[in-house]
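Colleague: Hey, I've just opened this one for the first time. Can you walk me through it?

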Amino acid sequence: MESSPSSDQNDVSASETPTSSVSSPYRRTYSDISGLSHRFDVQSFYNRSSNTNAVVHEEDLSEDAVEPKDNVDGDGEDHDRDSDIDSAEDAELEMMRERFAKLLLGEDMSGSGKGVCTAVTVSNSITNLYATVFGQSLRLQPLSTEKKDLWKREMNCFMSICDYIVEVIPRSLGNNVEITETKLRSDILMNLPALRKLDNMLMDILDGFTENEFWYVERGSSSMNSNNGGRDSGSFRKVVVQRKDEKWWLPVPCVPAEGLSENERKNLRHKRDCANQIHKAALAINDSTLNDMDIPDSYLTTLPKSGKASVGDVIYKQLCTAEKFYPDQLLDILKISSEHEALELADKVEASLVTWRRKTGGLAHSKSSWDMMKDMGGDAGNDKNHILAARARSLLFCLKQRFPELSQTSLDICKIQYNRDVGKAVLESYSRVLEGLAYNVVSWIDDVLYVDRTVRNRDD
C-alpha cells in the first residue's frame, strides 16, 4: 500500500529539521523551560486524563474490567497517593501562575499599569528568590533538596528570558548579497554561562560539608551537650568569634578540644580559596554590568559642579599632589573604622568620579571594563580631569576590595532602579546574589578556622 503524500511530507520535514538549538550549549529547549522542575512538567499536567472529563467506554465496564473487592484497600492507597501528587502539582502550578502574574503586572496588583518596568521586576524577583532560598542558611551545610530544586527551577525560568535577547549581525554571501543572522547578545553570551558555572561551584562547595569535624551551637545556649551533635561534652571549647559579636543571631562554630585535624584544616582552606575566587569573579561581572548601565539623569542633577566639592579637601589634595598615587596609603590615612564610613566615602568618590568623567566627555559612551582598567593602570593622558578620574576609580576599587561586604552605592542603586534593559537586570542581580553567597561562605569558613586557631593556641 502506498503511503499518502502527507505522510511522505512529514517524513521529509522531520529528517530536515534544523538542529541549531541543540548545537548551541547555551540554549534551552522549550520543554526545559516549561518543565521548571524535575518533579513537575506543565505539559504533562495539561495532557493527563481527568476523572471529571474522562470518556467511559462500554467495554471498560465489562465484568473483566471490574477489580475484585478484596483489592479495594490497595486501590484506595494508590488513589490517595495519586491525589497527593495531583494536589502538590496543583499547588505548584498555582504558585507559578501567581509569580508570573506579578511579574507581568510589574508588582502592581491593581492592574492600572502603574507598576515598575520588567527589568526592575526581574531584578527584585531574583533578589527575593535568593532571600527565600538562602535567607535562613547561616552555617556550612548543604541546602535541602526542596530549596535546591526551587533555586534551580526558578533561576532557569528567569535565565530563559536571556535566550531571546539577541543582536543582529550582517553576513556577506558574496556577489553583493548580504543576510542578517541573530545570536545571543555578547554580554549575555559571555557572562551568563560563567555565572551558571559559579553557581554550580558554590553548590558543590556547600554539598561538601556533610561529614564535618566542627559543629554549631546557638549563641547563649545553655544545653551544650544537646547541641553538639552527640560529641563528648569535654571536647567543647567556647570561643567567641570577635567579628560576629554584634550579629547575635548567628550560630557559634565549635571544634574538638584538640582542634581540627590537618586534613580537615587543609580541606577548609581549599574551599575558602575556591569561594574567594568565586566572589572575585562574581564581583567583576557585577561591576562590569553596572558600568555598562546608563547613569540616570536624576543622579546627574544632584551632583555638584566640581569633584572637589564631592570628595572633600583632604582626599582631593592627595589625588592632585601625589606624583605616584597609592590608594592603599590614602585609605590608611583616612582610618576608616566602620562599614558606614566606607559606604559614605564610596558615595563621595563615585560622585566626584562621575563629575570628572563628564568634564572629559567620558560619559558620552559607556566605557568597557578594559578601558577602565587601562585608566587605572596609567593616568589616562595628561589632562587633569583624566588623571583625577583614573585615581578616583582606583581608590574606589581599592575601597571595595578592602570592604567586600560593602553595600551598594547610591549610584548603583539609582542605576538598578532606572534600568530598562532586562538582560542587564538578570546579569546584575544574578552576579550580586552569587557574590553575597560566596562572601558568606568565606566568612563562615573564616569563623571555623578562627575558632580552631584559638583552641590550638590555648593548648600550646
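Modeller: Sure, we'll take the whole chain, then the pocket, then two residues.

Modeller: One caution: this is a predicted model, where local features need pLDDT of at least 70 and side-chain atom pairs count only at pLDDT 80 or more, while totals for chains, interfaces and linings use all residues. Residues are numbered from 1 along each chain as its sequence is written, and side-chain values use heavy atoms, with hydrogens and water left out.

Colleague: Okay, how many helices and strands are there?

Modeller: The protein chain has 19 helices and four strands. These are DSSP runs numbered from the N terminus (helices are H or I, at least four residues; strands are E, at least two).

Colleague: And what share of the residues is buried?

Modeller: Of 460 residues, 39% count as buried. Buried is under 20% relative accessible area, exposed is over 50%, and partly exposed is in between (1.4 Å probe, protein chains only).

Colleague: Switching to pockets: what's the volume of the largest pocket?

Modeller: About 1,500 Å³. On a 1 Å grid over the protein atoms alone, a pocket is an open set of points where a 1.4 Å probe fits, with protein on both sides within 12 Å along at least five of seven lines; lining residues have an atom within 4 Å of a point. The volume is the space filled by probe spheres set on the points, which are joined across faces, edges and corners.

Colleague: Which residues are closest to its centre?

Modeller: Pro404, Glu405, Leu406, Gly436 and Tyr439, out of 46 that line the largest pocket. H19 gives the largest share of that lining, 10 residues.

Colleague: Where does the largest pocket lie relative to the domains?

Modeller: Domain 1 (86-184) and domain 2 (215-220 + 241-364 + 373-457) both give residues to its lining, so the largest pocket lies between them. Those bounds come from an automatic or database domain assignment.

Colleague: Now Ser123. Buried or exposed?

Modeller: Ser123 counts as buried, at 3% relative accessibility. It lies in helix H6.

Colleague: What does Ser123 touch?

Modeller: Leaving out residues up to four places away in sequence, Ser123 touches Ile416, Ala425, Glu428, Ser429 and Arg432. Contact means heavy atoms within 4.5 Å.

Colleague: Last one: where is Gly208?

Modeller: Gly208 is in the loop between helix H8 (186-207) and strand S3 (215-217). With a relative accessible area of 33%, Gly208 is partly exposed. Its C-alpha atom is 9.1 Å from that of Leu140, though the two are 68 residues apart along the chain.
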